[in-house]
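Work through the exercises below with the model open beside the text. Each one sets a task and then solves it in steps.

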Amino acid sequence: MKDSMLTAIETRLGLSRRSFMQFCAAMAATMGLPKGADAQIAHALVSAKRPPVIWLHFQECTGCTESMLRAEHPTLEKLILDIISLDYHETLFAAAGHQAEAARRASMAANKGKYLLVVEGAIPTKDNGIYCKVGGQTALEMVHECAADAAAIIAIGSCASWGGMPSTSPNPTGATGAPVILKDKSVVTIPGCPPNPYNFLSTVVHYLTFGKLPEVDAKGRPKFAYSRLIHENCERRPHFDAGRFAQEFGDEGHRKGYCLYKLGCKGPETYANCPSILFGDVGSGSWPVGTGHPCIGCTEQGIGFQKPIYELAELKYVLPPVGYPHIVEEQGQGMSAGSAALVAGVGGLAVGAGAMMARNLGKNKKPDDTDFGKE
Ligand code: FSX
Ligand code: SF4
Ligand code: F3S
């Protein structure tokens, strides 16, 4: 890439060249792109015109937007706002009322067929959609109007993807997701409540670099982010295979970082890259299961907010994985909880993981002290 281009990006994004190239490499890695793609991404981000984005908010908590803007990583929000031209966003807009709606229509008219439409929140359908109105229009009317001339449509969050929390039983407003409403359009969905901001960013970067949205699965989810079960990459997986489970919150197993399957973890039936790219912010090492809470399956229609936490997850595969997470032992301070979990887990593997798993999964009794440390 030309030096002048990198200088331009330094000025525009306030990022050093090294950080910018690292960001491009991270995006390429998140999307599983081949060698050289980072350079293509860098080139596209420097030279491509920022696509106008119309961002709609319907039935939701605004967590999708918050997760993007409040991420600890200081460059994330900057990158998002610099890569796209956010022409309409109800939470972030300085304008209000008719002014805001006029700006949305002006941007759509000026960028016919060129703008990205991002839908956040579920869309109520009952009683002609009267349960969510913005500027006098129902969400239903608005989403149809905005989708008509959009170049591409992204449903961000579980609410927009399939109805999410607002659609839970008894669903009094008839809430549903954008793909159901926009049946004749292709809608890329980025479920999660909230979704990982890097999955959204990677999707936009893919669009900018290659001129199209990434390949998706049958539910419209980018394959790069949703093709693996959480259970496949979970750092507690060695414990699962060795038959070591937390049985109650705060018990010895829970404190030792054992598997959360018996506390209702839905990782075995939930597709998402949370354990791989981490959640909240890349680098902080935080994600639900990592903090000791079972995955509730927030990315998965029919699981998140629907399947009770006390119901055990369906096990799709019961064989141990081919590889295991790397063990990093911290110096000086003893081990981190994660390292202790891994060391203990891998130790357990050495003594017959399959047999232990079969034995412990069959247990319904409450734990007693003999459940721990025996393996
Ligand atoms: Fe909230 Fe978004 Fe959940 Fe929904 O994220 S975090 S309720 S997915 O639409 O704002
Ligand atoms: Fe991790 Fe949950 Fe699977 Fe246990 S059941 S290994 S905590 S994803
Ligand atoms: Fe959601 Fe489970 Fe990931 S609760 S954020 S899918 S770990």
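**Exercise 1. Place Asn128 in the chain and classify its backbone and its exposure.**

Solution. The structure is a predicted model.
- Step 1: Asn128 sits in the loop that runs between strand S4 (123-124) and strand S5 (133-134).
- Step 2: its phi is near 60 degrees, which is a positive value in a residue other than glycine. In general, most residues other than glycine have a negative phi.
- Step 3: the relative accessibility of Asn128 is 67%, so Asn128 counts as exposed, given that exposed means over 50%.

**Exercise 2. Do the same for Asn171, then examine the peptide bond that ends at Pro170.**

Solution.
- Step 1: Asn171 belongs to the loop between H8 and S8.
- Step 2: Asn171 is not a glycine, yet its phi is positive, at about 45 degrees.
- Step 3: its relative accessibility is 19%, and because buried means under 20%, Asn171 counts as buried.
- Step 4: Pro170 lies in the loop between helix H8 (157-162) and strand S8 (175-176).
- Step 5: Ser169 and Pro170 are joined by a cis peptide bond with omega of about 10 degrees. In general, most peptide bonds are trans.

**Exercise 3. Determine the geometry of the peptide bond from Cys193 to Pro194 and locate Pro194.**

Solution.
- Step 1: omega for the bond from Cys193 to Pro194 is near -5 degrees, and the bond is cis.
- Step 2: Pro194 is placed in the loop between strand S9 (187-190) and helix H10 (197-210).

**Exercise 4. Count the aromatic pairs and classify the pairs Tyr88 with Phe93 and Phe240 with Phe245.**

Solution.
- Step 1: ring centres must lie within 6.5 Å for a pair, and by this rule there are five aromatic pairs.
- Step 2: for Tyr88 and Phe93 the ring centres are 5.5 Å apart and the planes stand at 70 degrees; the pair is therefore edge-to-face, since the cut-off for that class is over 60 degrees.
- Step 3: Tyr88 has a relative accessible area of 1% and is buried, while Phe93, at 23% relative accessibility, counts as partly exposed.
- Step 4: Phe240 and Phe245 also make an edge-to-face pair, with 5.8 Å from centre to centre and 90 degrees between the planes.
- Step 5: Phe240 and Phe245 are both buried, and together with Tyr261 they form one aromatic cluster.

**Exercise 5. Find which arginines lie over the faces of Tyr88 and Tyr258.**

Solution.
- Step 1: Arg104 lies over the face of Tyr88, 5.6 Å from the ring centre.
- Step 2: Arg244 lies over the face of Tyr258, at 5.6 Å from the ring centre.
- Step 3: the distance cut-off for a charge over a ring is within 6 Å of the ring centre.

**Exercise 6. Describe the largest cavity by volume, lining and residue class.**

Solution.
- Step 1: the structure has three cavities of 30 Å³ or more, and the largest cavity holds about 90 Å³ of space.
- Step 2: 13 residues line the largest cavity, and those nearest its centre are His231, Cys234, Cys259, Cys265 and Pro268.
- Step 3: helix H12 (230-233) and helix H13 (237-242) each give at least two residues to this lining.
- Step 4: by class, the lining has nine nonpolar, two polar and two charged residues.

**Exercise 7. Repeat the analysis for the second largest cavity.**

Solution.
- Step 1: the volume of the second largest cavity is about 50 Å³.
- Step 2: its lining is made of Trp55, Thr65, Met68, Leu69, Ile80, Leu81, Leu86, His89 and Leu92.
- Step 3: the elements supplying two or more of these lining residues are helix H4 (63-69), helix H5 (74-83) and strand S2 (85-89). H4 has the largest share, three residues.
- Step 4: the lining divides into seven nonpolar, two polar and no charged residues.

**Exercise 8. List the shell around ligand 3 and sort it by class.**

Solution.
- Step 1: the residues around ligand 3 are Ile230, Thr270, Cys274, Trp287, Pro288, Cys295, Ile296, Gly297, Cys298 and Thr299.
- Step 2: seven residues of this shell are nonpolar, three are polar and none is charged.

**Exercise 9. Locate Gly250 and relate it to Gly292.**

Solution.
- Step 1: Gly250 is in the loop between H13 and helix H14 (252-255).
- Step 2: its relative accessible area is 40%, and Gly250 is partly exposed.
- Step 3: Gly250 and Gly292 are 42 residues apart in sequence, and their C-alpha atoms are 9.4 Å apart in space.

Conventions. Residues are numbered from 1 along each chain as its sequence is written. Chains are lettered from A and ligands numbered from 1 in the order in which they are written. This is a predicted model: local features need pLDDT of at least 70, side-chain atom pairs count only at pLDDT 80 or more; totals for chains, interfaces and linings use all residues. Side-chain values use heavy atoms; hydrogens and water are left out. Rings of Phe, Tyr and Trp (its six-membered ring) pair if their centres lie within 6.5 Å; planes under 30 degrees apart count as stacked, over 60 as edge-to-face and the rest as tilted. Buried means under 20% relative accessible area, exposed over 50%, partly exposed in between (1.4 Å probe, protein chains only). A charge sits over a ring if NZ of Lys or CZ of Arg is within 6 Å of the ring centre and within 35 degrees of the ring normal. On a 1 Å grid over the protein atoms alone, a cavity is a set of points where a 1.4 Å probe fits but cannot get out, and a pocket is an open set with protein on both sides within 12 Å along at least five of seven lines; lining residues have an atom within 4 Å of a point. Grid points are joined across faces, edges and corners, and a volume is the space filled by probe spheres set on the points. Helices (H or I, at least four residues) and strands (E, at least two) are DSSP runs, numbered from the N terminus. Ala, Val, Leu, Ile, Met, Phe, Trp, Tyr, Cys and Pro count as nonpolar, Asp, Glu, Lys and Arg as charged, and the others, Gly among them, as polar. A residue is near a molecule or strand if one of its heavy atoms lies within 4 Å of it.
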